[in-house]
Amino acid sequence: MFKDILLPVVLGKVPESAARHACALAQLDEGRVTALVAVSLFVPTTTTWAYSPVGTYETMDEAARAALRQQVQKVEQRLESESISHGVRGSSEFWLTPSEVTVMHAPYADIIVLGVDRPLPNEQRQLFAGVLVGSGRPMLLVPAASTTEKFAHVVIAWKSSREAARAVHDAMPLLQRAALVHLLLVEPETGSVSQGDDPAEWLASHMARHGVVVEVVRRARSRASTGQAIIDHAHECRADLIVAGGYSHARALEQVIGGVTRYLLEHTPVPVLFSH
């Protein structure tokens, strides 16, 4: 069950579609939405600090606190119209990046609901990557154009991996409520198991014991990428949600997102529940 839903408002605006989805999740099991509001004064190069007087940073801190108060009030007004339990948490960690602030608060939630725009701004890409890798929580990625908050038809983008297995487990509260669940395999690997064995059927049997009936669908990638094949299938079956493992590798000071994950992040028209 999703009892605690974290809604980051850390890039200066309320993500409206994400807010609606967060509230819809809270309604399922009488959960609570906590909007995390943050203002960042993060300076990426420490060399600039040596050339500014201390008073400059005191002034910046005062401005950040004033901006935070205004933003908290704005978010509180937005959530007052909702019939679910909610709260607004303002972060005074002004010298952390938005993703670092979100990761600090993630352990106290069951799921993070993150809104993204199209085209995808770089700051949202960085927030997604940092939270995906560092939060230890599933993330519901919600495109701004997403119009329905129901998850009746779900597509599981399956791959025999730790990340995908965790995504299925994390999505179970939604899968158990869905009317239709497709277990989608795009160009599944062959020769990895003995003849007559089928890991997809193993997973289908496992999910059936949790009350989730799935239809196994195999789809050739053809000329499209794996990510495009997943989106195409979701479109054709009118899916409301995609469930997928989130793949990423830490490299120095940046997060490098895997190919399918990056494609879904940049192009999916429907929400995606990612786990890493």
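The chain exposes an accessible surface of about 13,900 Å², and carbon and sulfur atoms account for 52% of it (Shrake-Rupley method, 1.4 Å probe; for residues, only the protein chains shown count as cover). This is a predicted model, so to speak a computed one: local features need pLDDT of at least 70, side-chain atom pairs count only at pLDDT 80 or more, and totals for chains, interfaces and linings use all residues. Residues are numbered from 1 along each chain as its sequence is written, and side-chain values use heavy atoms, with hydrogens and water left out.

Of the 276 residues in the chain, 48% are buried (under 20% relative accessible area, 1.4 Å probe, protein chains only). The secondary structure runs to nine helices and 12 strands (DSSP runs numbered from the N terminus: H or I with at least four residues for helices, E with at least two for strands). Take contacts between residues at least 6 apart in sequence: 81% of them join residues at least 24 apart (a contact being heavy atoms within 4.5 Å).

Now for strand β9, residues 241–245, where five of five residues are buried. L241, V243 and G245 sit on one side, I242 and A244 on the other, and both faces are covered. In a regular strand the side chains alternate between the two faces of the sheet. Here are the pairings of β9 (a pair needs at least two DSSP bridges):

| Partner of β9 | Sense | Bridges | Residues opposite |
|---|---|---|---|
| β6 (residues 153–157) | parallel | four bridges | V154 and L241 |
| β12 (residues 272–275) | parallel | four bridges | S275 and G245 |

Finally, helix α9 (residues 259–267) has T261, L264 and L265 as its buried residues. Viewed down the α9 axis, these fall within an arc of 100°, so they line one face of the helix (the arc uses directions from the helix axis to the C-beta atoms).

Key. Buried means under 20% relative accessible area, exposed over 50%, partly exposed in between (1.4 Å probe, protein chains only).
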